[in-house]
Every structure is written in structure tokens, then in C-alpha cells.
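Student: Hi, have you got a few minutes to go through a model with me? I'd like to talk about helix packing and pockets.

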Amino acid sequence: MHFTDFDSAAFLRDNWQQQPLLIRNPWARWHNPLSPDELAGLACEEGIEARLIRQAGSKWAMEEGHFSEKRFSKLGKQPWTLLVQAVDHHVPEVAALIEPFRFIPNWRIDDVMVSYASDGGGVGPHFDQYDVFLVQGLGRRRWQIGPLCDAQTPLLPHDDLRLLADFEPTSEWLLEPGDILYVPPRFAHNGVAVGDDCMTYSIGFRAPSRRELLSNWCDAALDRLDDDDRFADPGLARQANPGEIMPQALEELRAMIAARLDDAEAFARWFGAFTTTPKYPETDWQLEAPVARADLVEAVAAGRTLRRNPASRYAFIRSGDGALVLFVDGEPIHCDPAAAALAERLCASACFVLDSTLIAPASSIALLEILFNQGNLAFDAD
């Protein structure tokens, strides 16, 4: 699936992280990639993150999955919504929805949450801390957009849901199948199903907080230190008052910390691993027996299509002299200049055919072998 009428450069310039945008069906040919029954089936599987939100007047209730099949037959006539997280990890047709949005870097892309709602169903007025594209898959949904929110925005008292206490919409649209609504971080929004069989695909994006970055980066920095690395002050001069912490000591102590935290190369290596670490349990593509290099070479030469495991996260950082570090699911793989072109191709799209020249170097075919045997990559028919 791809867009035929969408200017990504104009979108990034005028809308990304700035203001909402309604995009009327930009697809070459829209078709809903998942049926309601298939979504309900996923919500019944162990290990799948799913939620059921019901509304009765002004009261909201949330249940967490997985659910039994009988649960859906007992929902009654009150509006309800089923939400299933990371559906792209399990359904290739849903994963394909991400491809047209690759004008945004891979490390920013999170997952595709899919919702099904009965007439009047929704999750209530709220705001998110990340960007989201809301793709209408089936049926219709009325979306209302409100003002920017922050930590001081009043919320309704609820143990499970962060619902806005006062929601004043400033714009409103009715989305049909194939339509897309982009909502930047912190904009209030509320979606309500108009009629039954309303399905929406929420393509969300990662936005690490400063707190999250500091916490994880400091933990990583601590792991690299040993206890013998201590403050020292040879040539210490006598002070007028021993109770004073002198400016020179403070500066030296601060420099001790800064020297370890302000390490650009170490930070890059850490962030590549941090941002590609899977958020959800991986889809198991591991082979029963290791693949033979000769079989890989033969399959690539035959033009077989390769597909990345949809639960795997790929990114790379250049390391100079034509080499790079490929990060796959939090693990770094150092690629020499000969293997760098293959690593870049693997990161460019989720499904592709390789030119045999890309795996001619020994280091390239070794990289391909590693990814196959780890379950990060497979031939499409497999």
C-alpha cells in the first residue's frame, strides 16, 4: 500500500509536531487489512496487550486482556471499544501500513495499535505525548480536536484512563475508510464511532522523555565505571574554614561526572541499542536449524523476497571510514565497509529483493546469516 497524493516534504515543514492535519484518502487503493473477527482473535491470545473500554453515560470502565471469546458476546448495547497493541508484529498486512510513513526515521516509529468500536464507542477525550496518524480502516469515526494540553490540564478521576475533565473541541471531522488524521503531541482529541464496525489503525511514534533518557543513559554509564575511579586532590591547600566546600572541588567533582556522561561516541552506541530494544515480546521467527550460507546465496541469486521480522527494530549509526554499527533489537553488529551497503539496505524497508552483489563480500553474507539465525529476517515465503 502506498500514497499517490501526499506531499511528505510539505507535511514535515508545515504540520509535523506543529498542528493537526486531515488527509483525505491518499492511498493508491485503500483496503482494510484486518477483519474485526481477526482483531478479536488476537485479543484472546496470551501475550497480546489488549484493552476493552466501556462507557455507560459519564462512567468509564477498562478491562485488560487477554479475553475469552465469550466476553465479546456479553458486552450488551452500551458503547465499547477494543484496543489491541502492536498488531503490526503479528499481521504483515498491518505492518505494511507503516511503509508509506518511512519519511520519518525508523527509530521514531513505535507500533500500530488497532481499535474496533461499536456505535458511539471511543476512549474518551484525552491527549498523548507522541505523534500519531489515525488511519480509518472500516466504518466511520467522528474526530474532534481541542487545544494543546500539559501537565496542569485537569483530568477526570479514574484509576486506568487519563480523560480530560474539560474538553472544548475547536475542529471536527468525519473520517471515512482510507482517511487519515495526524495529531501532534499534547493536542486534545476525541474519536467516536459513527455506526458499528468502526476500525482505526493508530500509527504511533516514540518520543523518549528527558527523564527516560537521563535515567537509562546514566545506568549505562554506571555499568562502564569501576569503583577505583575516585576523586583525588593532591596538593590540597589548607582552608580558612574546613566546613566550606570550595569552588575548585565542586568544579572537579562536576567534571568527573561530565567526562563520563558527555561522551558522544559512547552515547551514540548506547542510544542505538536503547532505541532498538523491542517494547513487546518478539514474534518468534527463529529457525529449527541454522541456515547454510550456500542456501542463502542461492536464494538471493534466485531473486527471492526478504522480509524483516515485524517485531524487530533496525537502525544504524555510521562509525567512520565507511563502516557502521547496525543495531537490531538492542544488539550492536559492527559492519565493515564491505558489509555497510547491505546493512543500509536492510534498514531502508521492511520487504525487499537483494542484488547478489550486496552479499558478495564475506562480511556481508556473514551478516545475513546472523540475522536469519536470530530470527530477525526471513525469505517471504517462509
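Tutor: Sure, we'll take the helices and then the pockets, keeping in mind that this is a predicted model.

Student: At what angle do helix 8 and helix 9 pack?

Tutor: Helix 8 (residues 337-348) and helix 9 (residues 362-374) pack at about 40°, and their axes are 7 Å apart. The two helices are therefore oblique to each other.

Student: Which residues make that contact?

Tutor: Helix 8 brings Ala338, Ala339, Leu342, Ala343 and Leu346, and helix 9 brings Ser363, Ser364, Leu367, Leu368 and Leu371. By class, that contact has eight nonpolar, two polar and no charged residues.

Student: And how do helix 7 and helix 9 cross?

Tutor: Their axes cross at roughly 100° and come within 10 Å, so helix 7 and helix 9 are roughly perpendicular to each other. Arg293, Leu296, Val297 and Val300 of helix 7 meet helix 9 residues including Ile365, Leu368, Glu369 and Phe372. This contact has eight nonpolar, no polar and two charged residues.

Student: Switching to pockets: how much space lies in the largest pocket?

Tutor: About 1100 Å³. There are 41 lining residues, and Arg51, Gln85, Asp128, Gln129 and Tyr130 are the closest to the centre.

Student: Which strand gives the most to that lining?

Tutor: Strand 9, with six residues. The whole lining divides into 17 nonpolar, 13 polar and eleven charged residues.

Student: What about the second largest pocket?

Tutor: That one holds about 410 Å³. Of its 30 lining residues, Ile98, Arg102, Arg308, Pro310 and Ser312 are the closest to its centre. Strand 5 gives the most to this lining, with three residues.

Terms used:
Residues numbered from 1 in each chain as written. Predicted model: local features only at pLDDT ≥ 70, side-chain atom pairs only at ≥ 80, totals over all residues. Heavy atoms only, no water. Axes fitted to C-alpha atoms, helices over the stretch in contact; angles between N-to-C directions. Helix = DSSP H or I, 4+ residues; strand = E, 2+ residues; numbered from the N terminus. Parallel < 35°, antiparallel > 145°, perpendicular 65-115°, else oblique. Contact = heavy atoms within 4.5 Å. Nonpolar A, V, L, I, M, F, W, Y, C, P; charged D, E, K, R; others polar. 1 Å grid on protein atoms, 1.4 Å probe; cavity = no way out; pocket = protein on both sides within 12 Å on 5 of 7 lines; lining within 4 Å. Points joined across faces, edges and corners; volume = space filled by probe spheres on them.
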